[in-house]
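Biologist: Please take a close look at one part of this model for me. I would like to follow a single helix, from how it begins to what surrounds it, and then see the wider setting.

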Amino acid sequence: MEIIHFAAECYPVAKVGGLADVVGALPKYQCQAGHYAKVVMPAYDTRFMHQNSWQNDYQGYIYLGNLELPYTILRESTNKLGYDLYCVYIQGLTDRKNIYSEHDDTERFFAFQLAALDWINQWQHLPDILHCHDHHTALIPFLKQYAWKFQKLRNIKTVFTIHNGLYQGWFSWNKLHYFPAFDTWKSGLLDWAGTINPMSSAVRCADAITTVSPSYMRELQYSSYGLEILFQQLSYKCYGILNGIDYEVWNPATDTYLDKHYTIDNVNEVKAQHKQEICETFRLNPDNPLIAFIGRLVHEKGADLLPQAMGQAMYETQGRICFIALGSGSSQIEYELERLKIYCPGIFNCYIGYHEALSHKIYAAADFLLMPSRVEPCGLNQMYALRYGTIPIVRRVGGLQDTVQDIGEWEGFGICFQQPNVLDIIHATHRATYLYYYNFDFLKSLRQRIMTFDNSWQNSQRKYEQVYRKILQEE
Ligand code: ADP
């Protein structure tokens with residue numbers, strides 16, 4: 001099958017969160033399985049764009065309202081990512097350092113989608129599947145179906161994957177003139193609650209909807225920021241498929257960000273060395289259990305609960321615990337973490353910002369990884385943690401409940417809690433400390449066991465393939 005992925009992020013070209021990891025890995029595994037997968041994304045002003053060579057594949061122009069915008073399709077010339085990567089360059093719109101900006105994302109991503117479709121519209125041979133990821137590419141199923149200029153693309157099947165239902169990309173009907181002429185009888189398919197809502201339009205127009213875990217698919221039916229009824233009524237074409245992780249990038253035996261590598265055989269010794277290094281860098285006590293948090297500092301991730309929960313856990317254990325946090329986001333949470341660092345030297349430290357290399361080092365060094373998320377469509381961090389022999393401490397929600405089983409259960413291997421609140425987090429950290437101080441041999445064997453788990457893309461790739469085959473058979 002020939003599959004074209006459209007997305008705003010793709011690792012290692014441009015990454016903000018898990019969307020990039022998925023779009024950077026899934027096509028590679030699809031190509032390895034014998035399909036022909038490509039990625040089409042905006043050409044940002046990122047380091048990857050400057051450090052690699054690009055071939056000018058096509059030039060054209062589109063209209064956004066009455067604004068004529070020339071665009072260029074750039075192809076990464078070495079195919080080093082394991083699939084063909086195409087970046088759509090539109091001067092003044094895509095060429096920014098930031099992937100997302102506050103004021104004109106509607107225009108940027110609308111123009112990107114129009115240019116990508118305009119380019120594919122010129123192809124002699126058409127692909128089998130257009131696979132759109134999140135709201136930045138969610139107008140594609142509607143446009144290819146009902147815009148007159150894209151009539152040629154009508155029979156191509158579309159899949160829409162929701163990585164995060166919170167961001168729906170809605171904008172005002174005042175911007176209707178951005179659309180190329182289309183069958184106006186169908187304009188109801190764009191509307192949701194009086195606005196143009198790209199995500200709701202994709203949910204209605206795409207041939208299949210997927211999201212990144214079975215539990216999150218169920219949760220969307222009763223909590224999806226206004227779209228619940230859609231997910232209930234269209235459940236026949238909705239699928240929850242767990243993300244995999246890229247075992248080539250996330251492998252403690254070969255990880256290029258680590259100076260000491262390890263496998264199941266020497267995880268306990270080498271992890272101790274990584275922990276020693278991180279603790280020296282961040283001036284933490286290496287004798288204490290090290291609990292890490294890595295992620296966006298936002299309400300969704302439960303990051304607002306961290307300062308109080310960590311502070312109280314440190315007090316209750318009389319300083320026999322250590323925390324390290326890596327992330328950026330809400331300035332209030334950043335400020336509170338920075339302040340906690342001053343009050344708790346030796347037991348708490350944080351790095352505010354985005355740091356890919358440090359994240360790998362922390363996964364390797366930490367004893368536990370804490371994820372107190374309120375919402376977690378899939379969550380990749382817990383899978384990276386498992387791969388690096390780090391015990392996950394997670395709230396039972398979305399993908400976290402599909403991938404982590406509590407040690408109190410049969411064959412369990414993580415620590416789970418029910419509610420996203422300070423008390424539940426503290427209770428979970430007490431269980432972790434108990435394991436560390438009173439059952440260290442079990443903890444060591446647990447590390448070895450979790451490293452054997454298979455969360456690779458091969459499984460997930462097969463499930464996407466089944467969805468593609470199913471919709472291709474439908475008339
Ligand atoms: P999200 O909702 O942010 O997409 P995921 O768990 O799906 O959450 O993916 C988060 C990804 O982003 C992981 O690869 C994680 O390691 C990475 N990440 C998040 N914040 C940071 C940061 N500050 N520095 C480095 N990596 C980060």
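Modeller: At the start of helix 5, Asn 197 offers a side-chain oxygen that comes within 3.1 Å of the backbone nitrogen of Met 199. This is a predicted model. Helix 5 covers residues 198-205, and seven of its eight residues are buried, so the rest of the structure largely encloses it. Those buried residues are Pro 198, Met 199, Ser 200, Ser 201, Ala 202, Val 203 and Cys 205. Met 199 thus appears twice: its backbone nitrogen faces the Asn 197 oxygen, and Met 199 is on the buried list.

What do the buried residues of helix 5 pack against? Two helices take part: helix 4 (140-146) and helix 7 (228-233). The strands are strand 7 (157-162), strand 8 (191-192), strand 9 (195-196) and strand 10 (208-211).

Now the wider setting, beginning with the cores. The largest nonpolar core has 90 residues. Met 314, Phe 348, Ile 362, Phe 368 and Ile 393 touch the most other members. Helix 14 (residues 422-438) gives this core its largest share, seven residues. Domain 1 (2-244 + 458-473) and domain 2 (267-454) each contribute at least three residues. Take Ile 362 as one example. Setting aside neighbours within four places in sequence, Ile 362 contacts Ile 278, Ala 292, Ile 294, Ile 324 and Leu 326. A second, separate core holds 57 residues, including Ile 90, Leu 114, Ile 162 and Leu 230.

Next, the ligand. Its shell has 20 residues, and Gly 18, Asp 21, Arg 296, Lys 301 and Gly 353 come nearest. The side chain of Lys 301 places an N or O atom 2.8 Å from a ligand oxygen. Tyr 363 has a polar side-chain atom 3.0 Å from an oxygen of the ligand. Leu 380 uses its backbone instead: a polar atom there is 3.0 Å from a ligand oxygen. Alone, the ligand exposes 560 Å², and the protein buries 93% of that. Helix 11 (356-365) is among the elements that each supply at least two shell residues. With three residues, helix 11 gives the most. Helix 1 (18-32), strand 13 (322-327) and helix 12 (381-387) also supply at least two each.

One last site is Asp 105, in helix 3 (residues 105-120). Asp 105 has a relative accessible area of 17%, so it counts as buried, the cut-off being under 20%. Its side chain makes a 3.0 Å polar contact with that of Arg 108. Beyond four places in sequence, Asp 105 touches Tyr 100 and Phe 110.

Methods. Residues are numbered from 1 along each chain as its sequence is written. This is a predicted model: local features need pLDDT of at least 70, side-chain atom pairs count only at pLDDT 80 or more; totals for chains, interfaces and linings use all residues. Side-chain values use heavy atoms; hydrogens and water are left out. Helices (H or I, at least four residues) and strands (E, at least two) are DSSP runs, numbered from the N terminus. Buried means under 20% relative accessible area, exposed over 50%, partly exposed in between (1.4 Å probe, protein chains only). A polar contact is a pair of N or O atoms within 3.5 Å; within protein, one must be able to donate a hydrogen and the other to accept it, and residues adjacent in sequence count only if both atoms are side-chain atoms. Contact means heavy atoms within 4.5 Å. A nonpolar core is a set of buried Ala, Val, Leu, Ile, Met, Phe, Trp, Tyr and Cys residues joined through side-chain atoms within 4.5 Å. Domain bounds come from an automatic or database domain assignment. A residue is near a molecule or strand if one of its heavy atoms lies within 4 Å of it. Accessible areas come from the Shrake-Rupley method with a 1.4 Å probe; for residues, only the protein chains shown count as cover.
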